[in-house]
Amino acid sequence: LGSAAAAPLFLAARDVFGRAAAFLTAVLYAFHPQTLDVHGDIMTEGAFAFFFFSALWLTGRNLETPSIEGGVLAGLAAAASYRTRPEGILAVALAVGWPLAELLRRRERPLLRGGAAVLTLAVSLVAVSPFLLWVHTYKGRWALSGKWSVDKKQPVQKAPPPPPPAPAPAKAPTPSLPASAPPPATAAGPADAAPPGPVPAPVAVPIAAPIEEAPIDPWDDGSRRFGKFLLMLFRLAGYALPFYLLGFLAFRQVGVWKGLFYFSWPLGYLGGLLWGLKAHPYMSYRYLLPAMSLLGVVAAMGVLVVARRLPSRMSERKAAIATAVLICLAFIAPAVRFFSPRRDELSGVRDAAAYMRSSPPAGKGVISTVDQIAYLSGQRTRWFPETIRELQAILNDSPPAFVVYTERDIGRKPAYLDWAIKLDHLEPARVFEGPNKIYVHRVR
């Protein structure tokens, strides 16, 4: 489905920006280095992109030519998007909200427009209701997702301040002796020497903070989280940044209402991720790919700005060749390095998963920083919590079968990992060699 997502992306962009821009948008999606990297694994991003782009395209069609079947299909696509990833709740909201907004703007065929919007909502609710009932059974309350990280706000904790230094012990006063008194006895004096003075109180020596209080927050304030967010945006769009800037010059050719409809999907998606960073300081470039794939139309329009100016400087044939070369260099060449087999699961992850399958687990699931290890071992993914206290609570109350991390994670992600691997709950690690060493701890 990840590859098939190029089709609804093309159709959605074509209805708003035209065929040429839509074609280049689909090419940018199909050959984007990070898209190829993510779709090399069995993950939810490909299916989510297909359903999310389909919901966008079908909703756009309903705005222009509303129909009963169009409302049903849009509801199914939006519900599938939400069922694939929690971020798909945006597709349900926009698939219903935009037809209602169009109903207020255009009074033609109000019953058909309103009926299609109601059908979209009804179909979405019916399609997701079994999932929501399961979440209620699993969590014991109503929630939008079975993932605790989606709706559980976890406070970020910092290392406690060091304890204040202990006060120095009071010095015992030296008694005054009369002039006729004999000199005080020395250490080498006779056995009947005068008894020593009061013994000073022991000095309190500060000890290191216990494991529970170890520093654990890799993004200790909002500015660092926002900086990480911008860094990943630049990582996804940086090599085509000149074309993104040029693409804004062509926006005058796009209708305001259509442009607002199209860009509400990627911008709303990014806004939701930013809002989520307030409670969950973790971000992966994978989360940004659907929005950046839709925003790729801006870079596509930038390429068209350059291509349309070439015929004025060279012959038509040379301009066509130059445009093709430009597209290959800008959109296809950066992805060449991802066309060779280089996945980690071919060695370390694969061997670690085989060991986990052959070793009868005492708990359920795997807490891991490696995405592939869960599905290759047949275990359910349970991510590292934000604090080591929460990790200890999980190991005590509902222990997983394994805790897995890589050589590159040590000292980096999560920040408390160096302390966590010393917990008594974990057996000594089994090490599996590969491009990135894999460490597997069985949970006692």
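In the residue classes applied here, Ala, Val, Leu, Ile, Met, Phe, Trp, Tyr, Cys and Pro count as nonpolar, Asp, Glu, Lys and Arg as charged, and the others, Gly among them, as polar. The structure is a predicted model. This briefing covers the packing of helix 2 (residues 19-30) against helix 12 (residues 285-309), followed by the two cavities for which linings are listed, the largest and the second largest.

**Packing of helix 2 and helix 12**

- Two packed helices are described by the angle between their axes and the distance between the axes.
- For helix 2 and helix 12, the angle is about 120 degrees and the axes lie 8 Å apart. Helix 2 is therefore oblique to helix 12.
- The crossing of helix 2 past helix 12 is right-handed.
- Helix 2 contributes Ala20, Ala21, Leu24, Thr25, Leu28 and Tyr29 to the contact, and these meet Ser293, Gly296, Val297, Ala299, Ala300, Met301, Val303 and Leu304 of helix 12.
- By class, the residues of this contact comprise eleven nonpolar, three polar and no charged.

**Largest cavity**

- Four cavities of 30 Å³ or more are found in a search of the whole structure.
- The largest cavity has a volume of about 70 Å³.
- Its lining consists of Leu28, Tyr29, His32, Thr35, Leu236, Tyr244, Leu289, Met292, Ser293 and Gly296. Helix 2 and helix 12 are the elements that give two or more residues to this lining.
- Helix 12 supplies the largest share of the lining of the largest cavity, with four residues.
- The lining of the largest cavity divides into six nonpolar, four polar and no charged residues.
- Leu28 and Tyr29 of helix 2, together with Ser293 and Gly296 of helix 12, take part in the helix contact and also line the largest cavity.

**Second largest cavity**

- The second largest cavity has a volume of about 50 Å³.
- The residues lining the second largest cavity are Tyr29, Thr35, His39, Glu45, Ala49, Leu289, Pro290 and Ser293. Helix 3 (33-39), helix 4 (45-64) and helix 12 each give two or more residues to this lining.
- Helix 12 again provides the largest share, here three residues.
- The lining of the second largest cavity divides into four nonpolar, three polar and one charged residue. Glu45 is the charged residue, because Glu belongs to the charged class.
- Tyr29, Thr35, Leu289 and Ser293 appear in the lining of the largest cavity and in that of the second largest cavity.

Definitions and conventions: Residues numbered from 1 in each chain as written. Predicted model: local features only at pLDDT ≥ 70, side-chain atom pairs only at ≥ 80, totals over all residues. Heavy atoms only, no water. Axes fitted to C-alpha atoms, helices over the stretch in contact; angles between N-to-C directions. Parallel < 35°, antiparallel > 145°, perpendicular 65-115°, else oblique. Left-handed = near helix turned anticlockwise from the far one by under 90°. Contact = heavy atoms within 4.5 Å. 1 Å grid on protein atoms, 1.4 Å probe; cavity = no way out; pocket = protein on both sides within 12 Å on 5 of 7 lines; lining within 4 Å. Points joined across faces, edges and corners; volume = space filled by probe spheres on them.
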